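Let's take a friendly walk through this model together. Keep the viewer open as you read.

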Amino acid sequence: MSASIRLQPGDTIGILGGGQLGRMLTQSAASMGLKTHIFCPDQNSPAFDVCAQYTVAAYEDTAALEAFADAVSVVTYEFENVPGPTAQHLAGKVPVRPGVRALEVSQDRLFEKEFLKKSGVAIADFAEIASQADVVTAVQDFGGQGVLKTRRFGYDGKGQTMIRSPEDIGGAFERIGNAPAVLEALIDFDCEVSVIVARDLDGNSASYDIARNHHENHILKTSTVPAGVSKQTLTAARQMAERIVSSLDYVGVMGVEMFLVRDGDAEQLLVNEIAPRVHNSGHWTQDACLTSQFDQHIRAVAGWPLGPVDRHSDAVMENLIGRDAEDWHGILKDPAAQLHLYGKAEIRDGRKMGHVNRISPKTR
């Protein structure tokens, strides 16, 4: 097994996770003559519809992992909560890209923040929290406000609670299940933005345009490019993202979420969190760039050169959440809209069923 393995057309990429991101990675791989083998415990995984082969087994099933490793040339993943022992076991058999360290850093918010700080990128102040007493002390240090988040397994607003007033402090640790946590200083930001960055096997990196993100009920609703930021801010965002992937010796695509803070005409970026995978806020690249984030990730993990990240169009990506997807017929009537549905059998409130990219001529 060699970390420098480069794939040939016809080779197989193993993907841990069978959700919509795995599905779209599989579609990109197929367009480049590569096969995919999905490993996921959910027998109704939407990625199964489009892959060459799949395995339904628990991530802790050693025998199934052994057979999976024997059937693929390289392994990647579509979500950051892959169990650490699973990734470690596979890494002893076949290259895992991005590497195990990226999972270790991103799965624990404290480790992530310590890594980001060491990497030299700007982040909000934070404190380690192990008890309600820690909450009380840290909130005082942060001016009476903050965001309390579990160190592990929180996403889309889960595993966190806001502290905006003295009344919010009491019981805050209990509200997140008395789990190890971090308290982040509350930032008065103008908007949330993100950068999709890629790094290849040779250490070359490239970043897409910054996207402005809008959330509803803690779930990403739209990502818009251009984001309405200065050229200096765009350059700074790219430099921060590329510094992060370089520090991790990363191979693949990463989503880097940031806060944009304004002080008059001045703009400052603070990194909020990283996602070691293709990212929801990068879906616009499918229809506004020659190389989508999914194509880029496949290129990188295959050991191939990165593609161009230039944007040829403006775009607004809208997530179709729950019953939003029932308007598929109306969306198809819009000549500016490109519809992407994920093939999920059951519509549920808060469930991402698809997205639509609305494309317009490039303005800047």
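## A salt bridge between a buried and an exposed residue

Asp-49 is exposed, with a relative accessible area of 56%. In this predicted model, Asp-49 pairs with Arg-23 in a salt bridge whose closest N and O atoms are 3.4 Å apart. Arg-23 sits in helix 1 (residues 20-31), while Asp-49 belongs to the loop between strand 2 (35-40) and strand 3 (53-56), so the bridge ties together parts that are 26 residues apart in sequence. Unlike its exposed partner, Arg-23 has a relative accessibility of 12%, so Arg-23 counts as buried; the cut-off for buried is under 20%.

## A buried pair

Next, have a look at Glu-80 and Arg-277, which form a salt bridge with the closest N and O atoms 2.5 Å apart. Glu-80 is in the loop between strand 4 (74-77) and helix 3 (84-91), and Arg-277 is in the loop between strand 14 (266-275) and helix 10 (285-288), so this pair ties together parts that are 197 residues apart in sequence. Are these two residues buried or exposed? Both Glu-80 and Arg-277 are buried.

## A salt-bridge network

The side chains of Glu-318 and Lys-221 also meet in a salt bridge, at 3.3 Å from N to O. This one runs from strand to strand: Glu-318 lies in strand 15 (residues 313-321) and Lys-221 in strand 12 (residues 219-225), so the pair ties together parts that are 97 residues apart in sequence. Lys-221 is buried, with a relative accessible area of 11%.

Which residues belong to the network here? Through salt bridges that share partners, Lys-221, Glu-318, Asp-324, Asp-334 and Arg-358 are joined into one network. In the whole protein, the count comes to 21 salt bridges.

## Backbone details worth a look

Two cis peptide bonds deserve your attention. The bond from Arg-97 to Pro-98 is cis, with omega near -5°, and Pro-98 is found in the loop between helix 3 and helix 4 (100-106). The bond from Val-225 to Pro-226 is cis as well, with omega near 0°; Pro-226 lies in the loop between strand 12 and helix 9 (231-247).

Positive phi values turn up in the loop between strand 11 (211-216) and strand 12, where Asn-217 is placed. Phi of Asn-217 is near 55°, although Asn-217 is a residue other than glycine. His-218, in that loop between strand 11 and strand 12, also has a positive phi, about 70°. Asn-217 counts as exposed at 71% relative accessibility, and His-218 is exposed with a relative accessible area of 51%.

## The whole chain

Zooming out, the protein has 12 helices and 17 strands. Its radius of gyration is 20 Å, close to the 21 Å that the globule rule gives for 364 residues, so the protein is as compact as a globular protein of that length. Along its principal axes, the C-alpha trace spans about 60 × 50 × 40 Å. Buried residues account for 54% of the 364 residues.

How many of the contacts between residues at least 6 apart in sequence join residues at least 24 apart? The share is 63%. The accessible surface comes to about 15700 Å², and 47% of it belongs to carbon and sulfur atoms. As for charge, there are 35 positive and 47 negative charges, and their mean positions are 3 Å apart.

Technical notes: Residues numbered from 1 in each chain as written. Predicted model: local features only at pLDDT ≥ 70, side-chain atom pairs only at ≥ 80, totals over all residues. Heavy atoms only, no water. Helix = DSSP H or I, 4+ residues; strand = E, 2+ residues; numbered from the N terminus. Rg over C-alpha atoms; globule rule 2.2 N^0.38 Å. Buried < 20%, exposed > 50% of the residue type's maximum accessible area, 1.4 Å probe, protein only. Contact = heavy atoms within 4.5 Å. Areas by Shrake-Rupley, 256 points an atom, 1.4 Å probe, with all protein chains shown as cover. Lys, Arg positive; Asp, Glu negative; His and termini not counted. Charge placed at Lys NZ, Arg CZ, Asp CG, Glu CD. Salt bridge = Lys/Arg side-chain N within 4 Å of Asp/Glu carboxyl O.
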